[in-house]
Amino acid sequence: MGNITLTMVKPDAFSKNYTGKIIDMFLQAGFKIKAMKKMHLTKQQAQQFYLVHKDRPFYDELTDFMSSGPIVAAILEKENAVADFRKLIGATNPAEAEEGTIRKLYAESIQNNAVHGSDSDENARIEAGFFFSELERI
Ligand code: CMP
């Protein structure tokens, strides 16, 4: 099992000032912050990040949303990071997320779902490389 995952606090949660509460939930769940930055993605950068979804009907709206305001991206470290983090954030659709999960508490909709979490160790490495250089993740 890999020990990193890549997360973003998405524009919906950032604009409602939930960033601090959400990051505290990462820490309380035992994740360590290996790298972190606030940024405002361009439409093109959002399209690049979500390229695997380019044929989905929601791709254009999703990338508009992800470039609509600031985000906080982070590499989080923990044993079994990908699976444990997905448990912490809950189902993609907040209506299906378990009580106490980040998306149950803070997400608005299946698209505006407060946080992203990598879905595999391989994608965690790719997504971490998208946001952070080697120097930023020492
Ligand atoms: P995320 O975990 O970042 O990965 C892909 C994103 O696409 C997902 O969270 C949602 O923001 C969005 N998404 C997934 N399914 C749908 C859907 N059916 N309609 C709109 N957006 C979706």
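A polar contact is taken here as a pair of N or O atoms within 3.5 Å; within protein, one atom must be able to donate a hydrogen and the other to accept it, and residues adjacent in sequence count only if both atoms are side-chain atoms. The structure is a predicted model, in which local features need pLDDT of at least 70 and side-chain atom pairs count only at pLDDT 80 or more, while totals for chains, interfaces and linings use all residues. Residues are numbered from 1 along each chain as its sequence is written, and side-chain values use heavy atoms, with hydrogens and water left out.

An oxygen atom of the ligand lies 2.9 Å from a polar backbone atom of Gln-111. Side-chain N or O atoms also approach ligand oxygen, at 2.6 Å for Tyr-50 and 3.2 Å for Arg-103. Of the 450 Å² of accessible area that the ligand has on its own, the protein covers 79% (Shrake-Rupley method, 1.4 Å probe). Residues around the ligand (a heavy atom within 4 Å) include Lys-10, Phe-58, Thr-92, Ile-110 and Asn-113.

The ligand occupies the largest pocket, a pocket being an open set of points on a 1 Å grid over the protein atoms alone, where a 1.4 Å probe fits, with protein on both sides within 12 Å along at least five of seven lines; lining residues have an atom within 4 Å of a point. Occupancy requires more than half of the molecule's atoms to lie within 2 Å of the grid points. The lining comprises 27 residues, with Tyr-50, Val-52, His-53, Leu-62 and His-116 nearest the centre.
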